[in-house]
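User: Please take me through the strand order, the helix packing and the charged pairs of this protein.

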Amino acid sequence: MTRSRTVRVLVVDDSRFMRDLICRILGSDPEVEVVGVADNGLDAVAAVASLDPNVITMDVNMPHADGLTAVERIMAERPTPIVMISSQTRSESAAAIRALSLGAVDFVPKPGGSVDPGLVHLREEILRKVKMAARIRPIRNAAPATAVPGTRARLAASPPPLRGSGKWTPCIVIAASTGGPGALFDVIPALPAGLPASVLIVQHMPAPYTTQLASALGARAALTVKEGQEGDRLERGGVYVMPGSRNGSVTADGRIVLRAPQRNHDGCPSADVAMTSVARHAGRLSIGVVLTGMGRDGAEGATAIRHAGGLVLAQDEASSMVYGMPRAAAETGAVHMIVPLTRLVDTLSACLRDLGVARGGFVHAS
């Protein structure tokens with residue numbers, strides 16, 4: 001294998017044991033090369049400038065400058081894909097969510113304390129996420145939203161007859177994976193307090209990280225944000241983050257149902273499951289949004305929403321950290337508009353106006 005195809009990794013952790021362990025894991029793959037190590041955030045920033053790695057693995061708690069400080073400086077001074085490696089504790093899971101909002105691309109949860117040898121069992125996940133991170137390019141600002149060729153101009157069209165239940169207000173289902181937390185921190189705090197719709201967020205992320213994601217979003221948002229629980233009824237102006245390791249769907253009377261996935265896979269919680277259930281019950285009052293992420297989750301759900309008479313938006317390639325999920329949804333022909341992240345909130349407002357909810361239609365904004 002030529003050097004140009006090798007993923008060059010900088011390993012940052014304050015524990016020598018952990019640095020050595022991560023280096024052994026990465027060094028066991030011929031496609032990965034560890035080009036340097038650092039034991040604190042300040043040295044990490046300097047090492048990025050001198051070593052020019054393709055990817056950085058970053059601990060959270062370190063002396064001199066912690067992982068959050070290092071992520072913020074690196075993304076401002078020399079943007080490089082960063083994979084956080086943190087413990088599944090409340091403090092570190094909250095810090096990992098903050099790192100994702102600052103530009104880190106993904107995280108690997110440690111199975112225990114900072115010197116837990118069980119990390120060896122995460123070899124496959126670490127290598128997969130490091131290699132994926134190496135394929136991510138810097139994000140550029142995008143052009144204005146454009147209609148997808150061959151689709152109807154729904155935002156300007158007269159609304160077709162209602163198919164959703166009279167108990168429903170419009171429901172926006174947002175699907176995201178890699179790069180999703182950063183996008184959600186741009187979108188959710190920008191939604192207005194009087195939003196005449198409920199919002200379901202389906203972010204591929206294990207527990208307890210979804211709990212921390214909901215808490216962090218809620219601290220910045222004008223809307224009420226919570227992690228969805230079994231039996232929660234969708235309310236206008238409510239934002240519900242589907243909990244990690246469970247697939248969330250919605251019943252005919254607008255209540256959340258949580259089920260364990262039938263098999264283990266990265267796409268959990270499942271956007272397809274959530275979108276399909278909302279399409280079935282809300283019909284034309286459903287709006288699907290497919291954001292950045294790897295894979296095809298959301299493509300089937302987007303198709304269900306389109307067939308039910310709802311609207312489907314997808315993030316554009318230029319503003320997506322990973323264009324896999326939006327591309328897969330667009331390739332089905334279900335997407336009505338491809339939208340830059342900076343225009344998404346305005347476009348959602350236009351969608352709601354199209355439904356009539358802001359003009360004395362199905363629900364009135366308070």
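The questions below go from the sheet to its helices and then to the salt bridges.

Analyst: This is a predicted model, so local features need pLDDT of at least 70, side-chain atom pairs count only at pLDDT 80 or more, and totals for chains, interfaces and linings use all residues. Residues are numbered from 1 along each chain as its sequence is written, and side-chain values use heavy atoms, with hydrogens and water left out.

User: What is the order of the five strands in the open sheet?

Analyst: Helices (H or I, at least four residues) and strands (E, at least two) are DSSP runs, numbered from the N terminus. Two strands pair if DSSP finds at least two bridges between them. The edge strands, each pairing on one side only, are β2 (32-38) and β5 (106-110). Pairing is parallel, and the order is β2-β1-β3-β4-β5.

User: Which residue of β5 is the bridge partner of Ser-86?

Analyst: β4 covers residues 82-87 and pairs with β5 in the parallel sense over five bridges. Ile-85 stands opposite Val-108 in β5. For Ser-86, the bridge partner in β5 is Pro-109.

User: How many residues of β4 are buried?

Analyst: Buried means under 20% relative accessible area, exposed over 50%, and partly exposed in between (1.4 Å probe, protein chains only). Ile-82, Met-84 and Ser-86 point one way from β4, while Val-83, Ile-85 and Ser-87 point the other way, and all are buried. The strand is mostly covered, with a buried count of six of six.

User: What is the handedness of the β-α-β unit made by β3, helix α3 and β4?

Analyst: Three bridges join β3 to β4, which run parallel. Met-58 has Met-84 as its bridge partner in β4. A crossover is right-handed if, with the strands pointing away from the viewer, the path from the first strand over the helix to the second runs clockwise. With helix α3 at residues 67-77, the unit is right-handed.

User: At about what angle does helix α5 run to β5?

Analyst: Axes are lines fitted to C-alpha atoms, for helices over the stretch in contact (heavy atoms within 4.5 Å), and angles run from 0 to 180 degrees between N-to-C directions. Helix α2 (residues 41-51) touches β1 (7-12), β2 and β3 (55-58), and its direction makes about 160° with that of β1. Helix α5 (residues 123-134) lies across β1, β2, β3, β4 and β5, and its angle to β5 is about 165°.

User: Why does the salt bridge of Lys-131 and Asp-29 tie together parts of the chain, and how many residues apart are they in sequence?

Analyst: A salt bridge is a side-chain nitrogen of Lys or Arg within 4 Å of a carboxyl oxygen of Asp or Glu. Lys-131 and Asp-29 meet at 2.7 Å, N to O. Asp-29 is buried at 9% relative accessible area, and Lys-131 is partly exposed at 23%. Lys-131 lies in helix α5 and Asp-29 in the loop between α1 (16-27) and β2, so the parts tied together are apart in sequence by 102 residues.

User: Which acidic residue forms a salt bridge with Arg-78?

Analyst: Arg-78, in the loop between α3 and β4, is tied to the loop between α2 and β3, 26 residues apart in sequence. The closest N and O atoms are 3.7 Å apart. Arg-78 is partly exposed at 36%, and its partner is partly exposed at 45%. That partner is Asp-52.

User: How many salt bridges does a search of the whole structure find?

Analyst: Salt bridges that share partners join Asp-29, Glu-31 and Lys-131 into one network. Arg-259 forms another with Glu-230, the closest N and O atoms being 3.7 Å apart. The search of the whole structure finds 11.
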